[in-house]
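The exercises below are to be worked with the sequence and the coordinates open. Each task is followed by a solution in steps.

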Amino acid sequence: MTTTFKTIGRASLAVGILAAMIGAAGASGLQSRLGGSEWGYSGEADATARYIQFAGAGRVLGFGGCNRFSGSYQITPDGLTIGPLVATMRACAEDVMKREGEFFRVLESARKADVTKLELVLKAEDGSTLVPLARRDFD
């Protein structure tokens, strides 16, 4: 009977290690698809075009439409978290400031992400879409 428990224990350990490796590979894959490029709203190309860039070492930077921002992000086997974010304190037109505030709220609400070569879809904890962003450049 002791042998049975040891075998089951070893099998459980092997399954746990394999699951951790798969999760790490998924996180690494997400990082490689996000890294370096700017992601913004499709159709925004003027001076208030909003974007986020995923830099190395878990850092993000970007432009909210009025202010530059930076902060942290973390990729986990379960998803993606962004924030906290900090921004410069410029004042702009009311509509631009409103769009910027909404952008910051969406970024900090993200808990999951789907990424293709051309699109980043940020999602809430429940998997619902918060915002689709388009790749603005190619690194």
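**Exercise 1: the disulfide**

Cys66 and Cys92 are joined by a disulfide, with an S to S distance of 1.9 Å. The model is a predicted one.

Task: State how many disulfides a search of the whole structure finds, and where Cys66 and Cys92 lie.

Solution.
- Step 1. Searching the whole structure gives one disulfide.
- Step 2. This pair links distant parts of the chain, 26 residues apart. Cys66 sits in the loop between β3 and β4, and Cys92 in the loop between β5 (79–87) and α2 (94–109).
- Step 3. The link of Cys66 and Cys92 is right-handed, with 80 degrees about the S-S bond.
- Step 4. Buried means under 20% relative accessible area. Cys66 has 1% relative accessibility and therefore counts as buried.
- Step 5. Cys92 has 27% relative accessibility, so Cys92 counts as partly exposed.

**Exercise 2: a glycine in a loop**

Task: Determine whether Gly65 is buried or exposed, and list its contacts beyond four places in sequence.

Solution.
- Step 1. Locate the residue: Gly65 belongs to the loop between β3 (59–63) and β4 (68–76).
- Step 2. The relative accessible area of Gly65 is 4%, so Gly65 is buried.
- Step 3. Set aside the neighbours of Gly65 within four places in sequence; Gly65 is then in contact with Ala47, Thr48, Arg50, Val96 and Glu100.
- Step 4. For a C-alpha to C-alpha distance, take Gly65 and Asp46: they are 9.2 Å apart in space and 19 residues apart in sequence.

**Exercise 3: strand β8 and the segment after it**

Task: Classify Arg135 by accessibility, and find which backbone oxygen lies 2.5 Å from a polar atom of its side chain.

Solution.
- Step 1. Arg135 is part of strand β8, which covers residues 129–135.
- Step 2. Its relative accessibility is 17%, so Arg135 counts as buried.
- Step 3. The backbone oxygen in question is that of Lys117, at 2.5 Å from a polar atom of the Arg135 side chain.

Task: Do the same classification for Asp137, and name the residues in contact with Asp137 once neighbours within four places in sequence are left aside.

Solution.
- Step 1. Asp137 is in the segment after β8.
- Step 2. With 22% relative accessibility, Asp137 counts as partly exposed.
- Step 3. The contacts of Asp137, leaving aside neighbours within four places, are Ser37 and Glu38.
- Step 4. Asp137 and Ser37 are 100 residues apart along the chain, while their C-alpha atoms are separated by 5.7 Å.

**Exercise 4: a peptide bond**

Task: Give the omega of the peptide bond that joins Gly83 and Pro84, and state whether the bond is cis or trans.

Solution.
- Step 1. Pro84 is located in strand β5.
- Step 2. Omega for Gly83 and Pro84 is about 5 degrees, and the peptide bond is cis.

**Exercise 5: the chain as a whole**

Task: Write the pattern of helices and strands along the sequence, then give the share of buried residues in the chain.

Solution.
- Step 1. The chain has two helices and eight strands.
- Step 2. Along the sequence they follow the pattern α-β-β-β-β-β-α-β-β-β.
- Step 3. Of the 139 residues in the chain, 37% are buried.
- Step 4. Among contacts with a separation of 6 or more, 41% are between residues 24 or more positions apart.
- Step 5. The accessible surface of the chain is about 8300 Å², and 59% of this surface belongs to carbon and sulfur atoms.

How values were computed:
Residues are numbered from 1 along each chain as its sequence is written. This is a predicted model: local features need pLDDT of at least 70, side-chain atom pairs count only at pLDDT 80 or more; totals for chains, interfaces and linings use all residues. Side-chain values use heavy atoms; hydrogens and water are left out. Helices (H or I, at least four residues) and strands (E, at least two) are DSSP runs, numbered from the N terminus. Buried means under 20% relative accessible area, exposed over 50%, partly exposed in between (1.4 Å probe, protein chains only). Contact means heavy atoms within 4.5 Å. Accessible areas come from the Shrake-Rupley method with a 1.4 Å probe; for residues, only the protein chains shown count as cover. A disulfide is a pair of cysteine sulfur atoms within 2.5 Å. A polar contact is a pair of N or O atoms within 3.5 Å; within protein, one must be able to donate a hydrogen and the other to accept it, and residues adjacent in sequence count only if both atoms are side-chain atoms.
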